[in-house]
Amino acid sequence: SYRKAIAGLKARVVPAGKSLPAALDDLAEKWNPLYAEGPKANLVEDVNALARDFLRSLRKGFLVSPPTRERLAELAKQLAAHKNLDQIRKKEPLERYLEIYFVKILDLKR
């Protein structure tokens, strides 16, 4: 049931006609203010690491009761408001990115 729930979430959060990696790349271009490729990739990896750490403590609970889209949206909003992400001004694309990235993380943890 966990896999079905995550597959359903993936279908709901990833825009139609896009793959999960393509959706993440598009959103990263919108929220990431850096131009140089090296620092840009580093910022994306830093955000991804923060998201993985954020979900680490919640993962066991999700195995018992898989998250809903609303729950993921709330978690993304909480993480986007984190003091480490204050310098990112485009919060809406960042929150969408985090939602999709959360689904990616949860899909890998089978």
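In which kind of crossing, left-handed or right-handed, does α3 pass α5? The legends below take this up, along with other close-up views of this predicted model.

**View 1. Helix α3 where it passes helix α5.**
To settle the opening question, α3 passes α5 in a right-handed crossing. Helix α5 covers residues 69–80, and its axis and that of α3 come within 11 Å, crossing at roughly 125°. That angle makes the two helices, α3 and α5, oblique to each other. Look for Leu50, Ala51, Phe54 and Leu55 on the α3 side, and for Leu75, Gln78 and Leu79 on the α5 side, since these residues make the contact. Sorted by class, the contact of α3 with α5 has six nonpolar residues, one polar residue and no charged ones.

**View 2. Helix α3 where it meets helix α6.**
Now stay with α3 and turn to another partner, α6. The axes of these two helices come within 10 Å and cross at roughly 60°. They are therefore oblique to each other, and α3 passes α6 in a right-handed crossing. From α3, the residues to find are Val44, Val47, Asn48, Ala51, Arg52, Phe54 and Leu55. They meet Leu94, Tyr97, Leu98, Tyr101, Phe102, Ile105 and Leu106 in α6. By class, this contact of α3 with α6 has twelve nonpolar residues, one polar and one charged.

**View 3. Helix α1 alongside helix α6.**
Here α1 (residues 2–13) joins α6 (residues 91–108), with axes that come within 10 Å and cross at roughly 155°. How are two such helices arranged? An angle over 145° counts as roughly antiparallel, and α1 and α6 are therefore roughly antiparallel to each other. Their crossing is left-handed. In α1, try finding Tyr2, Ile6, Leu9, Lys10 and Val13, which meet Arg96, Glu99, Ile100, Val103, Leu106 and Asp107 in α6. The contact of α1 with α6 divides by class into seven nonpolar, no polar and four charged residues.

**View 4. The largest pocket and the residues around it.**
This last view is about empty space. The largest pocket of the model has a volume of about 190 Å³. How many residues line the largest pocket, and which are the closest to its centre? There are 14 lining residues, and Leu24, Asp25, Ala28, Val44 and Tyr97 are the closest to the centre. Three elements give two or more residues to the lining: α2 (20–31), α3 (37–56) and α6. You can meet two of the central residues again in View 2, where Val44 belongs to α3 and Tyr97 to α6. Taken by class, the lining of the largest pocket has seven nonpolar, two polar and five charged residues.

Conventions
Residues are numbered from 1 along each chain as its sequence is written. This is a predicted model: local features need pLDDT of at least 70, side-chain atom pairs count only at pLDDT 80 or more; totals for chains, interfaces and linings use all residues. Side-chain values use heavy atoms; hydrogens and water are left out. Axes are lines fitted to C-alpha atoms, for helices over the stretch in contact, and angles run from 0 to 180 degrees between N-to-C directions. Helices (H or I, at least four residues) and strands (E, at least two) are DSSP runs, numbered from the N terminus. Angles under 35 degrees count as roughly parallel, over 145 as roughly antiparallel, 65 to 115 as roughly perpendicular and the rest as oblique. A crossing is left-handed if the near helix is turned anticlockwise from the far one by less than a right angle, and right-handed if clockwise. Contact means heavy atoms within 4.5 Å. Ala, Val, Leu, Ile, Met, Phe, Trp, Tyr, Cys and Pro count as nonpolar, Asp, Glu, Lys and Arg as charged, and the others, Gly among them, as polar. On a 1 Å grid over the protein atoms alone, a cavity is a set of points where a 1.4 Å probe fits but cannot get out, and a pocket is an open set with protein on both sides within 12 Å along at least five of seven lines; lining residues have an atom within 4 Å of a point. Grid points are joined across faces, edges and corners, and a volume is the space filled by probe spheres set on the points.
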